[in-house]
Amino acid sequence: MLTRRRVKQTDPLEIRLAAEAERLREEAKALPPGAARDEMLRRARQAETGSQMSEWLRSPGLQPPD
């Protein structure tokens with residue numbers, strides 16, 4: 001039977017996503033304008049949005065839906 005390899009993350013998801021967004025933006029700066037650069041910037045925005053959503057979901061003021 002195959003065993004699943006588990007990795008214990010040291011940083012919270014929000015921090016990892018924010019770092020990924022920053023890394024993607026830095027890489028996009030080095031690319032010429034075009035489809036590849038646009039795709040990298042889109043992925044950076046997605047990572048940043050995911051980071052913000054995760055932070056919001058973990059916030060203590062969040063109320064459950066009625």
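These legends describe close-up views of a predicted model. Local features are included at pLDDT of at least 70 and side-chain atom pairs only at pLDDT 80 or more, while totals for chains, interfaces and linings use all residues. Residues are numbered from 1 along each chain as its sequence is written, and side-chain values use heavy atoms, with hydrogens and water left out.

**View 1. Helices α1 and α2 cross at roughly 160°.**
Helix α1 covers residues 13–30, and helix α2 covers residues 35–58. Helices here are DSSP runs (H or I, at least four residues), numbered from the N terminus. The two axes come within 8 Å. Each axis is a line fitted to C-alpha atoms over the stretch in contact, and angles run from 0 to 180 degrees between N-to-C directions. The helices are therefore roughly antiparallel (the term for angles over 145 degrees). The crossing of α1 past α2 is left-handed, meaning that the near helix is turned anticlockwise from the far one by less than a right angle. Their contact has ten nonpolar, three polar and ten charged residues. In this count, Ala, Val, Leu, Ile, Met, Phe, Trp, Tyr, Cys and Pro are nonpolar, Asp, Glu, Lys and Arg are charged, and the others, Gly among them, are polar.

**View 2. A salt bridge links Glu48 and Arg25.**
The N to O distance is 3.5 Å. Glu48 belongs to helix α2 and Arg25 to helix α1, so this pair ties together parts 23 residues apart in sequence. A salt bridge here is a side-chain nitrogen of Lys or Arg within 4 Å of a carboxyl oxygen of Asp or Glu. Side chains of opposite charge can pair when their charged atoms come close. Glu48 has a relative accessible area of 36% and is partly exposed. Arg25 is also partly exposed, at 26%. The classes are buried (under 20% relative accessible area), exposed (over 50%) and partly exposed (in between), with a 1.4 Å probe and protein chains only. The whole structure has six salt bridges.

**View 3. Glu26 and Lys29 pair within helix α1.**
The closest N and O atoms of this salt bridge are 3.3 Å apart. Three residues separate the partners along α1, about one turn of the helix. Glu26 is partly exposed at 41% relative accessibility. Lys29 is exposed, at 59%.

**View 4. Glu39 and Arg42 pair within helix α2.**
Their side chains meet in a salt bridge of 2.6 Å, N to O. The two residues are three apart in α2, about one helical turn. Glu39 is partly exposed, at 34% relative accessibility. Arg42 is partly exposed, at 34%. Elsewhere, Glu20, Arg23 and Glu27 are joined into one network by salt bridges that share partners.

**View 5. Glu14 of helix α1 meets residues including Ser51 and Ser54.**
Glu14 is buried, with 12% relative accessible area. Beyond its neighbours within four places in sequence, Glu14 is in contact with Ser51, Ser54, Glu55 and Arg58. Contact means heavy atoms within 4.5 Å. Ser54 lies in helix α2 and is buried at 11% relative accessibility. With residues up to four places away in sequence not counted, Ser54 touches Leu13 and Glu14. Glu55, also a residue of α2, is exposed at 53%. The C-alpha atoms of Glu55 and Pro12 are 9.7 Å apart, although 43 residues separate the pair in sequence.

**View 6. Ser51 of helix α2 is buried.**
The relative accessibility of Ser51 is 9%. Not counting residues up to four places away in sequence, Ser51 touches Glu14, Leu17 and Ala18. Ser51 and Ile15 are 36 residues apart along the chain, with 7.2 Å between their C-alpha atoms.

**View 7. Leu41 of helix α2 touches Arg25 and Ala28.**
These contacts leave aside neighbours of Leu41 within four places in sequence. Leu41 is partly exposed, at 26% relative accessibility. Leu41 and Leu24 are 17 residues apart in sequence, and their C-alpha atoms are 6.8 Å apart in space. Arg25 appears again here, having paired with Glu48 in a salt bridge.

Terms used:
Parallel < 35°, antiparallel > 145°, perpendicular 65-115°, else oblique.
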